[in-house]
Amino acid sequence: MRTNRIVRVKIIELFCSIIILLPISFVSATTTILDNYIGGTASNNSWAGKDVIGSSDIFDISQMTVDIKNNSLAVSIFSTYFSKVGSYGTRLGDLFISTDGWSPNGIAGYLKDDFNNGEFMELAAVLSDHGDQIDKNKSQNYIGKSGELSIYQVKKEQVVLSNSEPGYIYREGQEVRYNVDSAEQKFLTGTWSIEDVLGSNYDKLIYSFSFPDNYLKGSVLGFHWAMTCGNDTIEGSAQVPEPGSVLLLTCAAVGLIMKKRAVSFEN
Ligand SMILES: [Ca+2]
Ligand SMILES: [Ca+2]
Ligand SMILES: [Ca+2]
């Protein structure tokens, strides 16, 4: 038993020395943004302040998750919409990203927050397929589809605001798509995919891309997504973890384990 303990303590000592030698740039964090945002106004007062305009079975967004590993991000939007893309002439929207924090207009509920009165989103992650080819009277299940992602630095005049076919009610003033100028340079590229979430009606659209080295330095990122009618819109923020503090916590945890083991060894 005593020999086993000595071996265990030695292994922990070795593990700690390995941890200390790791480059301090490694960071990893997952943030879940629940859809508590609401935001903006409906084009008809009967829907004012409602999270979803129309049917939740078609337009509801439940949450967004942001996975950050070093410079790489995977942003997932969970919604009932992805199996019904094209409903009532609507299309998939693009992901808007604020690289300098998130500060929506007003207080929670954010009913005055829209593209012109809230956080400006510096980047737009544009899908290679929004479902533009779908017949206006039909919808299509987009689960299993994937493609390329092109990320641009946003020029205000190229932002498309939420809209609908004539006669339908929608959420006004939300940024939903980005019109790309043919000469425009991509800032970043990535991939997107829509995946089934087993046992749930809320499937996920995943945006995957990487920022340049040293671009993310402990900043707060903001995110905004909606289908083109904005009938449900999600916004929120994620803190980029600090590399130094992650390393410190890891070493502190190993130190605590070593101390505990040393005490039990003495006993
Ligand atoms: Ca919702
Ligand atoms: Ca911003
Ligand atoms: Ca919402």
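User: What do buried and exposed signify here, and at what relative accessibility does D35 count as buried?

Analyst: Buried means under 20% relative accessible area, exposed over 50%, and partly exposed in between, with a 1.4 Å probe and protein chains only. This is a predicted model, in which local features need pLDDT of at least 70, side-chain atom pairs count only at pLDDT 80 or more, and totals for chains, interfaces and linings use all residues. Residues are numbered from 1 along each chain as its sequence is written, chains are lettered from A and ligands numbered from 1 in the order written, and side-chain values use heavy atoms, without hydrogens and water. D35 counts as buried because its relative accessibility is 10%.

User: Which residues coordinate the calcium ion (ligand 3)?

Analyst: Donors are N, O and S atoms within 2.8 Å of the metal (3.2 Å for Na, K and Ca); water is not among the atoms, so sites may look incomplete. At 2.2 to 2.5 Å, the calcium ion (ligand 3) is coordinated by D35 (OD), D35 (OD), D51 (OD), D232 (OD) and T233 (O).

User: How many residues apart in sequence are the parts that D35 and D232 tie together?

Analyst: Strands (E, at least two residues) and helices (H or I, at least four) are DSSP runs numbered from the N terminus. The donors of the calcium ion (ligand 3) follow the spacing D-x15-D-x180-D-T. D35 lies in the loop between β1 (28-34) and β2 (41-42), and D232 in the loop between β13 (220-226) and β14 (233-239), so the pair ties together parts whose separation in sequence is 197 residues.
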